[in-house]
Amino acid sequence: MAVQIPLGEEARAPERVLANDVREVRPDLAYLRTILVNVAFVGLPEAGDRAWVLIDCGIIGTKGHIKEAAAARFGEGARPAAILQTHGHFDHIGALEDLAAEWDAPVFAHPLEAPFLTGRESYPPSDTSADGGIMPKLAPLFPRSPVDISRHLRLLPDDGSVPPLPGWRWLHTPGHTPGHVSLFRDEDGTLIAGDAVISTGQESAYEVAVQALEMHGPPRYFTPDWTAARDSVRKIAALRPELIVTGHGRALAGAAMREALDQLADRFDAIAPPEARRTAL
């Protein structure tokens with residue numbers, strides 16, 4: 001286990017635990033941990049049909065959990081206005097094909113992520129030499145094949161807007177994948193980071209299990225471009241976010257979170273990539 005920037009409880013975002021283990025961090029923002037990864041719900045409680053947005057779709061087998069949590073938060077039978085994918089790795093698209101079809105929902109993603117969402121291209125192999133725990137050694141077992149949601153896919157517009165989410169903008173935060181995006185709301189400094197930064201050491205099975213708090217770069221075993229990943233962390237740090245919901249780990253908030261984010265941005269080359277990749281940066 002190799003902790004990057006350790007965090008105390010003061011950096012953990014205040015949250016209200018609701019039905020189905022949904023954790024509300026803003027009146028209109030909540031997240032749900034689906035075994036390995038978080039999905040986020042944007043929209044007010046009881047918003048009803050087509051009045052909320054799902055961010056990412058968990059791992060295979062979590063469709064029922066996501067649907068139950070959505071029904072409890074927004075109303076029975078309430079479908080999202082859209083699904084937005086921060087990226088297309090297996091742990092973020094497990095229920096995507098089924099949910100997009102069942103809900104007949106558009107799926108928004110960055111153009112550079114389209115090949116992985118239209119069946120045309122697989123992600124590169126995992127980095128089994130990545131240090132930090134047992135997960136990099138297991139990574140070759142994780143799926144890399146693309147899904148095909150061509151009928152539902154919509155590309156995010158060039159102007160940075162998020163069509164189903166007024167007040168939010170998307171940021172291109174590549175490195176972990178070519179078309180990775182994060183979402184930011186300027187009004188209250190809320191960031192949905194995907195895997196550009198995460199708040200637990202995803203390489204360590206122990207940290208994943210206990211959700212140990214730390215400020216951490218993207219998962220080492222599935223990040224091919226560390227220069228872009230560093231630039232993305234610096235872009236996020238420059239936003240001075242008030243609250244971050246990450247793809248892995250608990251939500252973070254406040255001054256201690258921002259201080260750790262600054263440290264990660266400043267020391268990224270020395271602590272975030274696998275040790276064998278650091279000399280190349």
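Trainee: Which side chain does arginine 23 meet in a salt bridge?

Mentor: Happy to start there, and keep in mind that this is a predicted model. Side chains of opposite charge can pair when their charged atoms come close. For arginine 23, the N to O distance in its salt bridge is 3.2 Å, and the partner is aspartate 21.

Trainee: Of that pair, is arginine 23 buried or exposed?

Mentor: Let's take the partner as well. Aspartate 21 has 33% relative accessibility and counts as partly exposed. Buried means under 20% relative accessible area. Arginine 23 has a relative accessible area of 11%, so this residue is buried.

Trainee: Which residues are linked with them in a network of salt bridges?

Mentor: One further link is the salt bridge between glutamate 15 and arginine 12, at 3.3 Å from N to O. Glutamate 15 is partly exposed at 22%, and arginine 12 is partly exposed at 27%. The network is made up of Glu9, Arg12, Glu15, Asp21 and Arg23.

Trainee: Good to know! Which residue is the bridge partner of valine 17 in β3?

Mentor: Here we turn to the backbone. Strands of a sheet pair through backbone hydrogen bonds, either parallel or antiparallel. β2 and β3 (residues 23-26) pair in the antiparallel sense over two bridges. In β3, the partner of valine 17 is a residue we have met already, arginine 23.

Trainee: Which are the edge strands of the sheet?

Mentor: Let's follow the strand order. The sheet is open, with eight strands running β2-β3-β4-β5-β6-β7-β8-β9 and mixed pairing. The edge strands each pair on one side only, and they are β2 (16-17) and β9 (153-155).

Trainee: Which helix lies across β6, β7 and β8?

Mentor: Two helices are worth comparing. Helix α1 (residues 63-74) lies across β3, β4, β5 and β6, running at about 155 degrees to β4. The helix across β6, β7 (82-84) and β8 (107-109) runs at about 160 degrees to β7, and is α2 (residues 96-103).

Trainee: How many residues apart are aspartate 28 and arginine 185?

Mentor: These two form a salt bridge, with their closest N and O atoms 2.7 Å apart. Aspartate 28 counts as buried at 17% relative accessibility, and arginine 185 is buried at 8%. Aspartate 28 sits in the loop between β3 and β4, while arginine 185 is in strand β11 (residues 181-185), so the pair links distant parts of the chain, separated by 157 residues.

Trainee: And how many salt bridges does a search of the whole structure find?

Mentor: We have looked at a few of them, including the one between aspartate 28 and arginine 185. Across the whole structure, the search finds 17.

Key:
Residues are numbered from 1 along each chain as its sequence is written. This is a predicted model: local features need pLDDT of at least 70, side-chain atom pairs count only at pLDDT 80 or more; totals for chains, interfaces and linings use all residues. Side-chain values use heavy atoms; hydrogens and water are left out. Two strands pair if DSSP finds at least two bridges between them. Helices (H or I, at least four residues) and strands (E, at least two) are DSSP runs, numbered from the N terminus. Contact means heavy atoms within 4.5 Å. Axes are lines fitted to C-alpha atoms, for helices over the stretch in contact, and angles run from 0 to 180 degrees between N-to-C directions. A salt bridge is a side-chain nitrogen of Lys or Arg within 4 Å of a carboxyl oxygen of Asp or Glu. Buried means under 20% relative accessible area, exposed over 50%, partly exposed in between (1.4 Å probe, protein chains only).
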